[in-house]
Amino acid sequence: MKKLILLSSLSVFLLNCNKKKEVSSTDKAPADTTMATQPVVDTLGAKSFCYMGVTGKDTVYVTIDDNLGTITGKMATKNSEKDSNKGDLTGFKSGDTLKLTYEFASEGKTGNKNDIYFIQTKDGLNEGIGERDAETGTKYANEKKIKYEGGRSLKVADCNTVAKALK
């Protein structure tokens, strides 16, 4: 009988030693909650871009806020030999083209308006050049004939520098 009790005790002991440690359900996170721990990236919020272009002694500064294709921003042109201008940009994005209206003050006169189109690339903006409507002089006569070579080329710039120039 002693042998039987001794063998039983030894076998229970050995079985307990060979058991793998169970991981409690509170220690292990479910697979679907691991995604929640990653930082959330706002892909729907406004995206801001800053650009600067220098031609000779003239400089153009532009800020663009893209909120799901609706564009707002500011633009200032600092000319060395004639009056500079500064104003607001509003419009929309169509593909890679920014179709904007520039409302600005120049030569002491406010309320000036001009349509400006830009092609947006990863490196910056290229301004569209095209014939203006004879009646208004502010709108493009034919959007299909706008060329984006030869216009002002603006490169991505530091937003702090651009913000100072726009004040």
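## Aromatic pairs

The count of aromatic pairs here comes to three. One of them is Phe49 with Tyr51, a stacked pair whose ring centres are 6.5 Å apart and whose planes differ by 25°. Keep in mind that this is a predicted model. The two partners sit in different surroundings as far as burial goes: Phe49 is partly exposed at 30% relative accessibility, while Tyr51 is buried at 2%.

Another of the pairs is Tyr102 with Phe104. These rings are stacked too, with 4.6 Å between centres and 15° between planes. Both Tyr102 and Phe104 are buried.

There is also a charge-on-ring arrangement to look at. Arg132 has its charged end over the ring of Tyr140, at 4.2 Å from the ring centre.

## The barrel and its helix

So what do the strands build? Eight of them make a closed barrel in the order β1-β2-β3-β4-β5-β6-β7-β8, and the pairing is antiparallel. On average, neighbouring strands are turned by 30° against each other, ignoring direction.

Take β7 and β8 as an example: they pair in the antiparallel sense over three bridges. If you want a spot to click on, Asn126 stands opposite Ser153 in β8. Helix α2, residues 159-166, packs on the sheet and touches β1 (47-55), β2, β3 and β4. The direction of α2 makes about 110° with that of β2.

## Salt bridges

How many salt bridges does a search of the whole structure find? Five. One of them joins Lys93 to Asp66, with 3.8 Å between the closest N and O atoms. Lys93 is in strand β4 (residues 85-94) and Asp66 in strand β2 (residues 58-67), so this pair ties together parts that are 27 residues apart in sequence. Lys93 is partly exposed, at 31% relative accessible area, but Asp66 is buried at 11%.

Strand β4 turns up again in the bridge between Lys74 and Asp88, where the closest N and O atoms are 2.8 Å apart. Lys74 belongs to strand β3 (residues 70-78) and Asp88 to β4, so to speak two distant parts of the chain, 14 residues apart. Both ends are partly exposed: Lys74 comes in at 41% relative accessibility and Asp88 at 37%.

Then there is Lys139 with Asp115, whose side chains meet in a salt bridge at 3.9 Å, N to O. Lys139 is in the loop between β7 (124-127) and β8 (153-156), and Asp115 is in strand β6 (residues 109-120), so the pair ties together parts 24 residues apart in sequence. As for accessibility, Lys139 is partly exposed at 42%, whereas Asp115 is buried at 10%.

## Around Thr63

Now for a single residue in β2. Thr63 lies in that strand, and is it buried or exposed? Thr63 is buried, with a relative accessible area of 16%; that value counts as buried because the cut-off is under 20%.

Leaving out residues up to four places away in sequence, Thr63 touches Phe49, Cys50, Thr72, Gly73, Lys74, Leu89, Val162 and Leu166. Some of these names have come up already: Phe49 is the stacking partner of Tyr51, and Lys74 is the salt-bridge partner of Asp88.

Notes
Residues are numbered from 1 along each chain as its sequence is written. This is a predicted model: local features need pLDDT of at least 70, side-chain atom pairs count only at pLDDT 80 or more; totals for chains, interfaces and linings use all residues. Side-chain values use heavy atoms; hydrogens and water are left out. A salt bridge is a side-chain nitrogen of Lys or Arg within 4 Å of a carboxyl oxygen of Asp or Glu. Helices (H or I, at least four residues) and strands (E, at least two) are DSSP runs, numbered from the N terminus. Buried means under 20% relative accessible area, exposed over 50%, partly exposed in between (1.4 Å probe, protein chains only). Contact means heavy atoms within 4.5 Å. Two strands pair if DSSP finds at least two bridges between them. Axes are lines fitted to C-alpha atoms, for helices over the stretch in contact, and angles run from 0 to 180 degrees between N-to-C directions. Rings of Phe, Tyr and Trp (its six-membered ring) pair if their centres lie within 6.5 Å; planes under 30 degrees apart count as stacked, over 60 as edge-to-face and the rest as tilted. A charge sits over a ring if NZ of Lys or CZ of Arg is within 6 Å of the ring centre and within 35 degrees of the ring normal.
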